[in-house]
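These notebook entries record what I looked up in the structure shown below. I kept each entry short and confined it to one topic.

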Amino acid sequence: MTDVYQRDIGKVMINAFALLLVLSYALPYVYLLMTSLKPAADVQQIPPRFFPETISLENFNTVLGTATLPKAFLNSLVVAILTTVLSLVLAVPAAYVATQYRRPITVLFLLFALITRMVPAVSLGVPLFQLLKTLGLLDTTTGLVLAHTSTAVPLALLLMAAFFEGIPKELEDAARMDGCTRFQAFAKIILPVMKSGIAITALFSFITSWNEFLYALLLTSESAKTAPIVIAEYNSVYGLAWGPMTASAILYSLPVIIVTLVLQKQIIGGLTFGAVKG
Amino acid sequence: MAENRFVCLMLAPSVLFLGLLVAYPVCLLVFNSFYEVETITPHIREWVGLKNYADALTSKRIADSGWRTVQYSVFALFFEFVFGFCAALLFAAIADKSQWHRTIFALPLMVPPIVAGLLWRFLLVGQIGILNYGLTGAGLIDDPGDIKWLSDADLVIYSVAFADIWLTTSFVALVSYAGLTNIPKDLIEAARIDGANALNRFWHVTLPLMRPVIAVVLIVRGVDAAKTFDLIWIQTQGGPRNKSEVFSMNIYQRMVRFGDLGEASASAALFLIVMIVLAGIAYWKIWRPSHD
């Protein structure tokens, strides 16, 4: 009897701990959301309060009323979409042959992708700046897309390679038996089967670009500036303008969080399975 | 041989792309590191051999920023790992009912780093940082002004890591959780029947089986922590008095603020080599986990 009783207490304790832990992790972001909903004057009140006394959209109106932030959001969106498309076009075919037609060169290629993931952004940023300058692509969407794709492609390659591992070679053989060329088999038979894997890879490429800061800081100055750069500039331009800063931080991060919550099962699978398989 | 042509055609676009945008810049980086050259006028250059490397290796500011990178990474990694692993054990203990816990816990995972940095700066900063009011309320400190997280020169390199810990504990937790659920139940049951208590079961069964997962987590997060730029930049821009300047920030400053492309390239090349060697050693250990 006592044993069962002790186990119950143990279970309650574990549940309580887990809940406490989860809540304490969510708390900072909830506070950010609460702060953005305060009237601008209350944001920096001393002592600070967790919940707003009155709910106000003043901070959101301020940042959306300027020309800079909406334009930066548009830039971010365009860059992220183009980066995603380009990364998929480059990585999906390569990952396919790298896993289904294994030979020394494809193994070497995947190893190169892996090493590329270790390269610090700042080390590549320095020469990329010079390269884009030579090509006349500094402060352009094209230039930033190229830079972001160079980070997204290795990630997309490794993710897609892991997904293609699960496909039996017989699938392509069967398609070829029916008279498809290798390329037709890939385009018409294999790709449709890989829809969900491609979707997850696309999402990760998108987020890689959407969240990226250092390249955007180095390689853009005015017309191609993305959202994180503009948000960071509230630091210096407006001194300590915490109100607009929290509002733009919410606008910038909430869409990604909502998408994540909706697709969380697939995303967490994508994030963790590479590591666990290793 | 049609097969080989197919392989080449499918590989070619990404090989060309990575060649132009990764391999070529790396060569350019190494090339630049042997020259005295300024960021705004890369066409005017003078060969100086290994001088940039010698300068980088003897500069106190660079050595300090390198040491700070180690302090930051070790501190962040330690807490991320302890918190994340404990969370994973908790979630595994309540198994099926942990679905919602894990969903909420995964939230920081998708927060952009600069938002996490801003958020934590807001929690810690001067008079309005709510954390110190919380600590005062809990009776841990006497006055909210007692701890100056972001302006205390000795403390700042650890304070800026809070955002990192908050942001990536979830990654450690979710990966560890996935690893824990892969451990066969009957192994643990067998140990229980043999009379091993909970601590012994953890130490002799769970932990050894989790070794590969732990190693991957430590490498992936270790590399990321050492590369950190945006998270710290947004909180302090390296201040006060460069006391939170890590290595990547030092490279950025020398290239952009001081316009010294040659020296920045030499440090960036050194950084690259150290990261690849460290990751290589670590991967080697994982690939051959049986060789103790």
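**Entry 1: chain B as a whole.** I began with the contacts within chain B, in what is a predicted model. Counting contacts in chain B between residues at least 6 apart in sequence, I found that 72% join residues at least 24 apart. I then noted the secondary structure of chain B, which has 14 helices and two strands. The C-alpha atoms of chain B fill a box of roughly 75 × 75 × 35 Å along the principal axes. Of the 292 residues in chain B, 46% are buried.

**Entry 2: chain A as a whole.** I looked up the corresponding values for chain A. Chain A has 14 helices and zero strands, and its elements accordingly read α-α-α-α-α-α-α-α-α-α-α-α-α-α from the N terminus on. I asked why chain A counts as more spread out than a compact globule. The radius of gyration of chain A is 24 Å, whereas the globule rule gives 19 Å for 278 residues; the value is well over the rule, and chain A is therefore more spread out than a compact globule. The box filled by the C-alpha atoms of chain A is roughly 75 × 75 × 35 Å, taken along the principal axes. I recorded 43% of the 278 residues of chain A as buried. Among contacts in chain A with a separation of 6 or more, 75% are accounted for by residues 24 or more positions apart.

**Entry 3: the contact between the chains.** I next asked how many residues each chain puts into the contact. Chain B supplies 73 residues and chain A supplies 64 residues. On the side of chain B that touches chain A, helix 1 (residues 2-32) of chain B gives the most, with 16 residues. I sorted the residues of that side of chain B by class and obtained 60 nonpolar, 10 polar and three charged.

**Entry 4: helix 3 and helix 11 of chain B.** I examined how helix 3 (residues 60-93) and helix 11 (residues 211-227) of chain B pack. Their axes come within 9 Å and cross at roughly 140°. Because of that angle, helix 3 of chain B is oblique to helix 11 of chain B. The crossing of helix 3 of chain B with helix 11 of chain B is right-handed. From helix 3 of chain B, the contact is made by Thr69(B), Tyr72(B), Ser73(B), Ala76(B), Leu77(B), Glu80(B) and Phe81(B). From helix 11 of chain B come Leu218(B), Arg221(B), Gly222(B), Ala225(B) and Ala226(B). By class, this contact of helix 3 with helix 11 of chain B has seven nonpolar, three polar and two charged residues.

**Entry 5: Ser98(B).** I located Ser98(B) in the loop between helix 3 and helix 4 (99-105) of chain B. Is Ser98(B) buried or exposed? I counted 20 other C-beta atoms within 10 Å of Ser98(B), so Ser98(B) is buried. Apart from neighbours within four places in sequence, Ser98(B) is in contact with Ala18(A) and Phe91(B). I also checked Gln127(B), which is 29 residues from Ser98(B) along the chain; their C-alpha atoms are separated by 38 Å.

**Entry 6: Ala54(B).** I closed with Ala54(B), which lies in helix 2 (residues 51-58) of chain B. Ala54(B) has 12 other C-beta atoms within 10 Å and is therefore exposed. Ala54(B) and Glu263(B) are 209 residues apart in sequence, yet I found 9.7 Å between their C-alpha atoms.

Notes
Residues numbered from 1 in each chain as written. Chains lettered and ligands numbered in written order. Predicted model: local features only at pLDDT ≥ 70, side-chain atom pairs only at ≥ 80, totals over all residues. Axes fitted to C-alpha atoms, helices over the stretch in contact; angles between N-to-C directions. Helix = DSSP H or I, 4+ residues; strand = E, 2+ residues; numbered from the N terminus. Parallel < 35°, antiparallel > 145°, perpendicular 65-115°, else oblique. Left-handed = near helix turned anticlockwise from the far one by under 90°. Contact = placed C-beta atoms within 7 Å. Nonpolar A, V, L, I, M, F, W, Y, C, P; charged D, E, K, R; others polar. Rg over C-alpha atoms; globule rule 2.2 N^0.38 Å.
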